[in-house]
Amino acid sequence: MTTVNTKSGRIIKVVSREEEKSTLTESDTEMDERAVEAVKAAINKARICKKPIAGYDKEKKRSYVEHANGERKYPE
């Protein structure tokens, strides 16, 4: 488990995939699943409304904005 300190002073515990089953409760797991589905729904809605969508390119290790026409723009 890794801890991250935020600017506001909060401490966030980051659990790896290997530690997930032994650390998270059933309620935590359900909440994570709901959050993943909420993000998928928001991205789908943005696509339908032809809004730009932010993403991350794992190969280039860079963030991008994808426009409705499929064009990706990488910030400088």
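Helices (H or I, at least four residues) and strands (E, at least two) are DSSP runs, numbered from the N terminus. The model treated here is predicted.

**Exercise 1. Elements and overall form**

Count the helices and strands of the chain, give their order, and judge how spread out the chain is.

*Solution.*
Step 1. The chain holds 2 helices and 5 strands.
Step 2. Read from the N terminus, the order is β-β-α-α-β-β-β.
Step 3. The globule rule gives 11 Å for 76 residues. The radius of gyration of the chain is 16 Å, well over that value, so the chain is more spread out than a compact globule.
Step 4. Along the principal axes, the C-alpha trace spans about 45 × 30 × 25 Å.
Step 5. Burial comes next: 7% of the 76 residues count as buried. The cut-off for buried is under 20% relative accessible area.
Step 6. Now take contacts between residues at least 6 apart in sequence. Of these, 0% join residues at least 24 apart.

**Exercise 2. Helix H2**

Check the span of helix H2 against its number of residues.

*Solution.*
Step 1. Helix H2 covers residues 26-48, which is 23 residues.
Step 2. The expected span is 1.5 Å times one less than the number of residues.
Step 3. That gives 33 Å for H2, and its end C-alpha atoms are 33 Å apart, so the two agree.
Step 4. Look just past the end of H2. There, Lys50 takes a positive phi of about 60 degrees.

**Exercise 3. The sheet**

Work out the strand order of the sheet and name its edges.

*Solution.*
Step 1. The sheet is open and has 3 strands, in the order S3-S4-S5. Their pairing is antiparallel.
Step 2. Strand S3 (53-57) and strand S5 (72-73) are the edge strands, since each pairs on one side only.
Step 3. S3 and strand S4 (residues 62-66) run antiparallel and are joined by 5 bridges.
Step 4. One residue pair to inspect: Tyr56 has Ser63 in S4 as its bridge partner.

**Exercise 4. Glu66 and Tyr64**

Find what Glu66 contacts beyond its sequence neighbours, and what lies over the face of Tyr64.

*Solution.*
Step 1. Glu66 is in strand S4.
Step 2. Leave out neighbours within four places in sequence. Glu66 then contacts Lys51, Pro52, Ile53, Glu71 and Arg72.
Step 3. Compare with Lys21, which is 45 residues from Glu66 in sequence. The C-alpha to C-alpha distance of Glu66 and Lys21 is 34 Å.
Step 4. Arg72 lies over the face of Tyr64, at 4.0 Å from the ring centre.
Step 5. For ring-ring pairs, a search of the whole structure finds 1 aromatic pair.

Note on methods:
Residues are numbered from 1 along each chain as its sequence is written. This is a predicted model: local features need pLDDT of at least 70, side-chain atom pairs count only at pLDDT 80 or more; totals for chains, interfaces and linings use all residues. Side-chain values use heavy atoms; hydrogens and water are left out. Rings of Phe, Tyr and Trp (its six-membered ring) pair if their centres lie within 6.5 Å; planes under 30 degrees apart count as stacked, over 60 as edge-to-face and the rest as tilted. A charge sits over a ring if NZ of Lys or CZ of Arg is within 6 Å of the ring centre and within 35 degrees of the ring normal. Two strands pair if DSSP finds at least two bridges between them. Contact means heavy atoms within 4.5 Å. The radius of gyration is taken over C-alpha atoms; the globule rule is 2.2 Å times the number of residues to the power 0.38. Buried means under 20% relative accessible area, exposed over 50%, partly exposed in between (1.4 Å probe, protein chains only).
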